[in-house]
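Me: Please take a close look at a single part of this structure. Where does it sit, and what lies beside it?

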Amino acid sequence: MGLQWILAILILFQQGNYPDPLVIVHEGQQIGEMSRAKYSQSLSGIPLIHEDRLHAFMDELDRKVEKQAINAALDSAGRIMPERAGSKLDHSTFTVQFYRFIFEGGFSRLELPLLKTYAKVDSELLSMIKAKRIGQYATYYNQNNKNRSHNVVLAANAINNYVVFPGENFSFNEVVGKRSTEKGYLRAPVIVRGEMSEDVGGGICQISSTLFNAVDRAGLKIVQRYTHSRNVKYVPPGRDATVSWYGPDFVFQNKYEQPILIRAYAGGGQVNIVICSADDINVKTRQVPSASKKLPEEVRLEMDAGGLEQKIK
């Protein structure tokens, strides 16, 4: 019986009897193909799968077709915009179908199998955690500085509607991401080692500083915070939180048993950040000094006739 089984296997796996390559299709469009020679090797007539190549190809397919789920969010009027489901490659089902192609044949075209993915924050959760304001802070800026104002608005939008679950850390750098021209950030004044300079993304420290004061008022745990090398005018002395993509970060932790929601708005010369959560949250707030409504001094750098930078108010 054992010999008959081996002979049957050898006959079954004659590679020339099967279609090649396998065409991968997604939503009616070909997005790839898999040849037997590249992804399997015949040993005494029995195919052996190149697992590393198979997994690498599946990762490539996943990057092509994955659609991120979108969390529920609040619009500018406070209305809930429902969540949207996403999708990604079903690695397990794809692997089974690929093995069938290699070992059984019978088909040469495969519709990519997908798994539905769900948003982390749905409408039900959002409606619950938007109920109670547990922390708020406002700062002010000179909107005549167009580049800086633009950067402030971009950074505020990046953290708006972000939900931090119990025990989770919020990292400003991770959430906002690298400040680059590709993401729309402009050159504006920044403080570098105590001196005014100019760089892409200048002004976003006003968002991180406003956020720090809002979460501090809400009694959240401050994990990581650094101050500028000199005082800034938009918050009281010692109440700032400097951030840099290749340097300092601002990190806090949600120590409560309920998720918290960050609502951030910048416009008309004012940054306003509100921390919200559920009605039954057991919050322990802290006293934090308010920011002055007096517009801070704005500084820009220009070149003089000799090519040297001058500070121009």
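Reply: What follows is about strand 17 and its partners, with a note on confidence at the end.

This is a predicted model, in which local features need pLDDT of at least 70 and side-chain atom pairs count only at pLDDT 80 or more, while totals for chains, interfaces and linings use all residues. Residues are numbered from 1 along each chain as its sequence is written, and side-chain values use heavy atoms, without hydrogens and water.

Strand 17 covers residues 260-267 (strands are DSSP runs of E, at least two residues, numbered from the N terminus). Seven of the eight residues in strand 17 are buried, so this strand is mostly covered (buried means under 20% relative accessible area, with a 1.4 Å probe and protein chains only).

Strand 17 has strand 11, residues 162-164, as an antiparallel partner, and three bridges join the two (strands pair if DSSP finds at least two bridges between them). Here Val-164 stands opposite Ile-260 of strand 17.

Strand 18, residues 270-277, also pairs with strand 17 in the antiparallel sense, over seven bridges. Within this pairing, Ile-262 has Ile-275 of strand 18 as its bridge partner. Strand 17 and strand 18 form a hairpin with two residues between the strands, where Gly-268 takes a positive phi near 60°.

As for confidence, the protein chain averages a pLDDT of 85 (the predictor's confidence in each residue, from 0 to 100), and 83% of the residues score at least 70. Over residues 194-198 the pLDDT is below 50, and it also stays under 50 over residues 1-15. Where pLDDT is low, the predicted coordinates should not be read in detail.

Technical notes
Contact means heavy atoms within 4.5 Å. Buried means under 20% relative accessible area, exposed over 50%, partly exposed in between (1.4 Å probe, protein chains only). Helices (H or I, at least four residues) and strands (E, at least two) are DSSP runs, numbered from the N terminus.
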